[in-house]
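Got the viewer open? Let's take a short walk through this one, with a few selections to make along the way.

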Protein chains: 2
Amino acid sequence: MTSLREENTASLEPFFNPRSVAIIGASANPGKPSGRPLAALRKSGYKGKLFPVNPRYRELFGLQCYPSLKEVPGEVDLAIVAVPAAAVPAAVRDCVEKGVRAAIVITSGFAEVGPEGARRQAELVEIARQSGMRICGPNTMGILSSPSRLVANFAIPELPEKISIPDFLGFVTQSGGFGYGIYEMIQSYGIGFSHFVSSGNEADADFAEYLAYLVDDRHTQVIGGYMEGIKDGPGFIRVARSALAAGKPVLLIKTGRHAAAARAAASHTGALVGSDRVYDAVFRQHGVLRVESFHEMLAVLSVLTGGRLPRGNRVAIVATSGGAGVFLADKCAENELALARLAPATRAALTDLLPPFASVQNPADLTSAIMVNPALLLECSRIVARDPGVDTLIVCHGFTEENLRIARELNFFEEMASFVRGTEKPVINLLWGHQDSAQEAVRALTERRAPAVYEIEYGVKALAALVRYSAKRRSFLAGQAVSGSPPEPEQVAAEILRRYPAGAKLTERASKQVLAAYGIPVTREELAAGDAPAAAVAAAGRIGYPVALKIESPDLLHKTDAGGVKLNLCTPAEVEAAFREIMDNARRFNPAARIEGVLVQEMLPPGVEVIAGIGQDDIFGSTVLFGLGGVFVEALGDVALRVPPLTREDVLEMIGEIKGRRLLEGFRGLPPVDRQALAEIILKISRLALDFPQIAELDVNPLICSPQGIKAADALIILKKLDQPG
Amino acid sequence: MTSLREENTASLEPFFNPRSVAIIGASANPGKPSGRPLAALRKSGYKGKLFPVNPRYRELFGLQCYPSLKEVPGEVDLAIVAVPAAAVPAAVRDCVEKGVRAAIVITSGFAEVGPEGARRQAELVEIARQSGMRICGPNTMGILSSPSRLVANFAIPELPEKISIPDFLGFVTQSGGFGYGIYEMIQSYGIGFSHFVSSGNEADADFAEYLAYLVDDRHTQVIGGYMEGIKDGPGFIRVARSALAAGKPVLLIKTGRHAAAARAAASHTGALVGSDRVYDAVFRQHGVLRVESFHEMLAVLSVLTGGRLPRGNRVAIVATSGGAGVFLADKCAENELALARLAPATRAALTDLLPPFASVQNPADLTSAIMVNPALLLECSRIVARDPGVDTLIVCHGFTEENLRIARELNFFEEMASFVRGTEKPVINLLWGHQDSAQEAVRALTERRAPAVYEIEYGVKALAALVRYSAKRRSFLAGQAVSGSPPEPEQVAAEILRRYPAGAKLTERASKQVLAAYGIPVTREELAAGDAPAAAVAAAGRIGYPVALKIESPDLLHKTDAGGVKLNLCTPAEVEAAFREIMDNARRFNPAARIEGVLVQEMLPPGVEVIAGIGQDDIFGSTVLFGLGGVFVEALGDVALRVPPLTREDVLEMIGEIKGRRLLEGFRGLPPVDRQALAEIILKISRLALDFPQIAELDVNPLICSPQGIKAADALIILKKLDQPG
């Protein structure tokens with residue numbers, strides 16, 4: 001599979017697989033950050049050459065210590081820079097001179113501490129740009145790379161002695177401490193890290209680049225990260241897509257949701273695009289799994305160790321307690337997982353095996369009696385897993401000290417793991433019970449690659465994430481890319497847009513002409529120019545009554561406020577009166593307004609009012625949004641967002657995502673909204689956003705979905721200002 | 001504090017504190033349920049007399065075994081019945097004959113297995129009713145009571161040898177296996193159970209009664225339970241209130257949410273009252289803490305062991321990583337906890353103590369450097385806890401093997417616990433890191449009654465639950481009981497309701513007269529009787545234009561469907577035409593309809609449309625509901641529910657609970673809705689529901705909130721059918 005930026009991920013190679021490492025500012029004190037990497041590298045058995053550099057020592061840990069980098073013999077691939085902040089720029093320059101290919105600056109005191117630090121950081125950026133040497137940090141905890149036994153890091157003291165599932169997870173964190181917490185926790189369940197990167201202040205190499213490296217890396221099977229924010233949205237999307245192509249799930253904890261939400265005002269569609277919501281949309285769109293906590297991440301990882309993706313969302317539950325079954329059925333429903341209908345043959349086979357008081361429904365309650373008979377539990381699990389109506393099997397059972405002893409004596413963990421490995425569908429063990437016993441059982445299963453989770457509610461969430469990922473990957477591989485739009489609409493739209501300067505707001509009529517050029521249905525309408533109502537009456541005759549009249553002026557875009565809108569006009573007399581009133585109102589409202597005329601427009605039949613449009617995000621650029629009109633958007637912010645280009649599937653997902661979706665399913669006597677037709681319109685809006693990045697905002701509001709079809713009743717396009725990015 | 005049902009909780013005493021126990025059907029086989037209780041009772045050191053009863057043995061575990069119960073010498077307080085299902089009724093009758101005060105029937109094969117079992121269970125119910133002997137079960141795992149060292153239970157093999165916080169939690173479970181899972185898990189964190197009851201099929205003693213016992217019990221400090229459903233709603237509410245009075249928090253896992261939700265249709269307000277939503281409303285209303293998983297329950301329990309309630313929702317976070325602080329700030333916002341503003345003195349004191357790269361904001365990032373200096377972490381914690389703007393302190397730090405060693409060497413756990421105990425505010429330690437090290441730290445703190453949680457997101461949820469509980473208890477103690485309604489409205493309303501038979505639907509006019517009697521503002525309106533429009537025109541003149549006309553007929557309650565509504569009539573001519581049209585439509589729609597006339601009604605100014613009303617629940621009886629009108633109710637089911645009587649605070653909580661609440665805060669140029677006036681109306685509806693239990697349904701829809709006031713624009717009362725409960 002192709003990588004994001006071939007040259008960049010190759011340039012990161014010395015961070016992970018250096019033939020030699022110099023530690024600049026190495027210290028003999030293992031309590032100090034400058035003393036720790038050398039100790040860790042030696043303890044972990046790094047095989048390349050190690051060169052401590054510090055004029056204060058002749059020798060460190062039995063290695064020759066060099067007074068300066070230039071005295072180091074031979075080539076240095078990677079430098080760890082641990083000198084005080086003020087000395088860092090000079091040290092990094094020494095690295096460039098020596099021909100070092102990458103430097104990890106663990107020193108803090110840069111952009112995170114104020115203007116002086118920011119200046120120092122800018123120096124590093126400049127050095128990196130000019131030399132091509134890659135820099136990790138500053139203010140980073142460092143990098144760990146298991147395949148090369150490299151612990152170029154001041155927090156992790158050494159590589160673990162043995163790990164059940166080595167090199168499984170590649171991880172990038174924007175918080176050293178928090179990431180270290182995740183590292184410690186996940187590792188303690190036997191899940192190993194291929195690489196662990198603390199990206200620090202990202203003066204040079206950034207989050208998305210490290211992710212791209214992990215996508216290309218042959219060791220890494222799953223990618224994880226802790227993210228606060230990124231600078232390059234499109235770059236991130238490219239990595240997410242190459243990860244999807246490579247079949248490597250990406251799991252992220254992303255914080256900062258609420259700070260962002262607070263900043264987002266809600267008065268118009270543009271402001272609804274709170275940045276965290278765009279991140280969330282991008283994650284959904286490209287199959288990135290957003291998790292909300294350490295333990296949820298662990299649960300998803302454990303489920304992924306099984307190496308099976310479910311074909312669908314139909315779950316069978318085999319439990320040793322009726323209550324646990326009811327509880328899990330609730331959790332499945334909360335996570336949009338369906339309970340499979342067991343086939344009669346499956347139920348008959350279970351009935352034959354089980355005592356009469358067991359329940360052979362789904363959830364199946366095998367009763368606690370089975371806990372002393374693991375072989376029977378396994379046999380029942382095998383029967384249910386074979387049922388063709390089942391996509392995933394959940395086995396829920398408990399562990400006390402006694403159960404654990406029995407399970408060990410009877411080789412239960414090996415047999416369960418062998419059943420799980422031999423089954424094409426995912427099988428997930430959810431375990432409850434005494435903390436020590438249950439956790440030991442979780443580890444015993446996890447290290448044999450049989451997914452097992454102690455926080456059973458997270459196990460269900462993890463399965464739901466897996467189902468979503470699996471569906472996303474299937475549709476990705478099916479390759480539903482959207483073909484480019486034909487050249488004509490682009491030319492017609494370009495013609496119209498060319499008439500407006502940067503920052504301009506188009507009138508309703510011009511905005512709708514752009515939409516119409518892309519084949520988006522709009523109201524029939526004509527502009528009645530001049531001061532006399534006759535043209536309007538004539539237009540109304542051609543369009544057919546009832547009609548609406550709306551003032552058309554680039555200076556009166558809030559038409560209603562200016563008294564410039566009259567609806568439901570049924571006769572020529574009403575049109576004439578309305579025309580005069582609108583003109584009077586408009587002149588009174590803004591005597592200087594340039595008035596192009598009055599737009600005479602068909603009245604649409606009643607229908608479900610939705611909105612659709614284009615917005616802008618600082619990180620990801622143009623976004624496409626869809627929502628229910630009126631109070632839904634205004635009071636609930638009930639919109640779905642995506643970043644173009646969009647597939648038809650993306651759009652159908654957006655439509656299914658809004659809270660008020662029940663309104664689309666046939667409401668108040670209206671037939672259901674034609675979702676395919678609606679999706680087609682949103683796809684066209686997505687193409688418009690791609691074709692014309694100069695559109696800052698498009699607001700189709702309302703788009704009326706009636707049994708007679710879907711049409712834009714009003715629209716507004718705003719162009720980007722000259723200094724606006726994108 | 002007064003108990004729920006003095007006589008009942010006293011009658012349960014022999015379940016928990018018997019002077020002697022007979023085990024009927026005791027077996028020598030410890031692998032069988034019938035063999036386990038005796039072994040467990042002996043192992044746990046039960047101090048009363050033990051009488052095995054089984055004709056097959058002369059002796060069991062060194063105790064004399066009796067061939068039948070009547071041969072047992074002296075009194076028997078409690079019997080454990082472990083004979084086969086068919087023999088249970090006779091055995092229970094023997095108990096009555098012997099004067100046994102309470103019996104635990106662990107045998108299964110009753111109502112849970114079908115009609116024959118249900119008949120057997122009905123026999124038990126009858127025996128209990130006639131004799132007054134209390135029965136636990138059948139199909140129960142049994143009862144454990146720590147103070148009397150009683151393990152009358154077939155799953156738990158013995159009492160724990162030592163437990164850090166003995167007798168803390170009293171627990172009742174409707175699922176034996178699931179409850180046992182919770183027992184094992186919670187106990188493994190050093191939190192002890194005073195009593196543990198598996199309530200089985202609840203043939204006699206039920207869930208609410210056991211809860212009532214725990215409220216009265218002097219050992220139990222916190223009450224927990226696993227609940228699938230109860231029969232006696234009002235009884236449950238009485239227990240919840242007595243627990244609130246006694247200051248014993250009640251924590252419940254309640255399942256069955258989604259099955260219930262699926263049953264609830266959404267076409268009208270009555271059907272919106274899905275039963276699980278009523279449970280949820282009752283829990284909120286009476287301070288019951290609903291938790292969603294084992295681990296969430298554990299987190300709340302751990303937080304409760306500290307014995308402190310927060311005064312408000314202002315949280316300060318002291319973390320050893322910036323990322324953890326950001327993460328926690330997000331979680332706080334999600335759970336409606338506010339970040340406290342630290343006082344300048346607090347920040348100055350922190351600045352003096354900390355290195356320059358630490359952040360002394362809230363969240364305070366003490367940096368990972370502090371992890372090797374627990375004394376400094378404690379000192380910072382003390383400073384922040386003293387800040388008067390802080391209601392709760394969260395200390396978030398991580399544990400590796402090395403940190404754990406340092407913490408132990410430096411006596412950190414003792415010192416942290418002593419700081420927590422010496423602080424009047426809650427202090428919660430949220431710990432991350434290696435599973436073994438962090439869990440050991442959690443236990444070390446928890447057993448010293450310093451709240452500590454490993455799943456840090458659950459720690460925040462637990463704190464939020466504590467804040468809600470604390471507020472609920474304060475307002476409960478402030479005693480905001482609602483005074484009864486004055487006699488007049490009751491008489492006027494009774495007069496109107498008397499005119500209608502059971503099951504009747506009142507007309508809009510009659511329904512509004514009932515509302516008006518209770519002081520609920522309704523539209524000005526007059527009934528124009530007869531076939532001629534003159535009366536309607538005259539009424540319109542008195543009411544003032546514009547008016548609405550609505551057909552008034554007990555046979556045409558869906559007025560719009562019958563073409564019986566005309567709005568916004570501005571002139572006498574329009575009224576006249578509308579009158580004729582309505583009459584024609586009505587006669588055509590249903591020629592047999594009894595027509596009382598046409599209701600002439602003022603048109604209300606535009607405003608926010610809400611709905612309010614009364615519904616029915618099978619378990620809890622009348623409910624009061626409030627929601628936003630129109631699409632909010634129809635598409636989102638966005639309503640808040642409570643069970644009357646209501647306090648003003650309950651009602652304000654309901655108003656604040658709906659998703660579309662932003663609409664009430666000033667919208668589309670309207671001023672904010674007067675919440676006090678709205679609350680007053682909902683309180684009056686609550687009184688109406690209490691005064692007239694014969695009202696099955698009241699639907700005030702819409703209730704229009706305009707700057708000119710709040711008025712009911714339409715209303716419908718439906719009376720209960722003769723066979724309807726309540």
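Start with chain A and chain B together: the area buried between them is about 5200 Å², with carbon and sulfur atoms giving 59% of that. Keep in mind as you go that this is a predicted model.

Now select the residues in contact. You should get 60 from chain B and 59 from chain A. Six salt bridges are counted between the two chains. For one to zoom in on, pick B:Lys331 and A:Glu292, whose closest N and O atoms sit 3.4 Å apart. Next, colour helix 13 of chain B (residues 322-334), which gives the most to the side touching chain A, with eight residues. By class, that side of chain B has 24 nonpolar, 18 polar and 18 charged residues. Switch on polar contacts too: 22 residue pairs turn up across the interface.

Hide chain A and move on to the sheet in chain B. It's an open one of seven strands, mixed in pairing, in the order 9-8-11-10-12-13-14. At the edges you'll find strand 9 (150-153) and strand 14 (289-290), each pairing on one side only.

Step in to strand 8 (residues 142-145) and strand 11 (residues 191-198) of chain B: they run antiparallel, joined by four bridges. Select B:Gly142 and look opposite for B:Ser198 in strand 11.

Last stop, the helices of chain B. Helix 12 (residues 294-305) lies across strands 10, 11, 12, 13 and 14, running at about 175° to strand 13.

Definitions and conventions:
Residues are numbered from 1 along each chain as its sequence is written. Chains are lettered from A and ligands numbered from 1 in the order in which they are written. This is a predicted model: local features need pLDDT of at least 70, side-chain atom pairs count only at pLDDT 80 or more; totals for chains, interfaces and linings use all residues. Side-chain values use heavy atoms; hydrogens and water are left out. Two strands pair if DSSP finds at least two bridges between them. Helices (H or I, at least four residues) and strands (E, at least two) are DSSP runs, numbered from the N terminus. Contact means heavy atoms within 4.5 Å. Axes are lines fitted to C-alpha atoms, for helices over the stretch in contact, and angles run from 0 to 180 degrees between N-to-C directions. Buried area is the accessible area (1.4 Å probe) that two parts lose on being put together, summed over both. A salt bridge is a side-chain nitrogen of Lys or Arg within 4 Å of a carboxyl oxygen of Asp or Glu. A polar contact is a pair of N or O atoms within 3.5 Å; within protein, one must be able to donate a hydrogen and the other to accept it, and residues adjacent in sequence count only if both atoms are side-chain atoms. Ala, Val, Leu, Ile, Met, Phe, Trp, Tyr, Cys and Pro count as nonpolar, Asp, Glu, Lys and Arg as charged, and the others, Gly among them, as polar.
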